[in-house]
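Reader: I have a model open in front of me. Could you take me through its helix packing and its unusual backbone angles?

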Amino acid sequence: MLDLLAQSVVHADNSWINFDVNALFQNFWSATFDGLTFGAVYGLIAVGYTLVYGVLSLINFAHSEVFIVGAYGVVVTLTTLGFGPSAPTIGPAEIIMDLLLALVVGMLASAVTAFLVERVAYRPLRKRNAPRLAFLITAIGVSFAIQYLIFLPFVGGANAQPAVTMFIPEPVFDVFGTIITNQQIIIVVAAILLMVGTDMFIRRSRTGRGIRAVAQDPDTATLMGVSKERTIVITFVIGGLLAGAAALFYVMLVPSGVIYNGGFILGVKAFAAAVLGGIGNVRGALLGGILLGVVGNYGQILLGDAQWADVVAFVILVLVLLVRPTGILGTTLGRSKA
């Protein structure tokens with residue numbers, strides 16, 4: 001009886017976890033490039049968290065819904081333009097123009113949502129000098145409010161939006177037997193360009209210097225002529241614009257993944273990416289997103305189940321924070337150099 005019990009336990013353990021190093025070696029490069037692609041999306045969303053935290057020391061949990069509103073904007077735009085479950089039979093130039101239009105709509109939808117969240121939810125609390133806990137509870141409440149506003153049948157409904165396929169990924173080159181597609185290249189390169197542009201804007205523009213000044217010392221920045229309220233609004237809008245861009249790339253990767261509560265898990269991952277890279281650090285957001293995507297992919301292959309991807313990524317996050325509590329890059333927005 002004991003032998004049978006031991007055998008059943010071993011069998012249960014083997015079905016629960018499968019530590020397969022060979023599988024990781026065999027799929028190393030495909031996991032790496034897939035992780036880079038999803039990590040780029042996490043990084044773009046993470047910028048919204050990191051900017052708002054850098055300026056207000058506030059975790060804007062409603063940012064995940066800012067992202068999902070942009071995703072709905074992308075899907076509605078592409079559906080209106082005739083895209084569906086199958087790739088459209090139109091020329092490359094027309095596809096590019098349609099995707100650029102969807103990108104603009106998604107970015108505007110997310111930016112307007114971020115603006116309204118700041119104006120309706122957070123600004124009244126600042127005027128009343130509300131405690132930090134009030135901001136936190138409000139952020140969670142706004143997140144649920146937007147979710148269930150989209151949940152209404154005449155807005156988005158309870159079901160996922162119909163799949164939208166933009167184009168069929170085509171191989172571009174081969175890396176150690178792993179095919180890299182044009183879709184992966186577009187997403188990673190576009191995300192890096194957007195992050196570099198944002199970083200340069202924050203570090204070199206007059207508005208960016210105002211953002212860093214408010215992040216470092218809002219009272220002194222106000223005395224020096226910087227409008228604190230205007231700076232806060234710009235910060236929310238920048239985060240919204242990048243979340244809208246991430247929405248296009250997410251729909252490109254997951255054509256049928258847009259649903260009213262679909263931003264929650266991505267928002268948690270993006271927040272974790274911001275913390276991992278160093279919350280309040282724009283460059284850290286991209287680094288944290290990429291690391292989270294790559295390590296999560298390694299974990300799910302090594303352990304034999306896609307559900308382990310998030311577990312492994314968050315374990316790595318905890319381990320990094322135990323060694324370096326401020327994240328990998330560590331510096332905050334207010335201390336960044338020009």
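Author: Helices α3 and α10 are roughly antiparallel to each other (an angle over 145 degrees). This is a predicted model, in which local features need pLDDT of at least 70, side-chain atom pairs count only at pLDDT 80 or more, and totals for chains, interfaces and linings use all residues. Residues are numbered from 1 along each chain as its sequence is written, and side-chain values use heavy atoms, with hydrogens and water left out.

Reader: At what angle do the axes of α3 and α10 cross?

Author: The axes of α3 (residues 28-56) and α10 (residues 228-253) cross at roughly 165° and come within 9 Å. Axes are lines fitted to C-alpha atoms over the stretch in contact, with angles from 0 to 180 degrees between N-to-C directions. Helices are DSSP runs of H or I, at least four residues, and strands are runs of E, at least two, numbered from the N terminus.

Reader: Which residues make the contact?

Author: Among them are Phe 38, Leu 44 and Gly 48 of α3, and Phe 236, Gly 239 and Tyr 250 of α10; contact means heavy atoms within 4.5 Å.

Reader: New topic: which sign does phi of Ser 57 have, positive or negative?

Author: Ser 57 has a positive phi of about 55°, although it is not a glycine. Most residues other than glycine have a negative phi. Ser 57 lies in the loop between α3 and α4 (63-80).

Reader: And where is Phe 176?

Author: Phe 176 sits in the loop between β1 (171-175) and β2 (178-181), and its phi is also positive, near 50°. Phe 176 is exposed, at 66% relative accessible area (exposed means over 50%, with a 1.4 Å probe and protein chains only).

Methods:
Parallel < 35°, antiparallel > 145°, perpendicular 65-115°, else oblique. Buried < 20%, exposed > 50% of the residue type's maximum accessible area, 1.4 Å probe, protein only.
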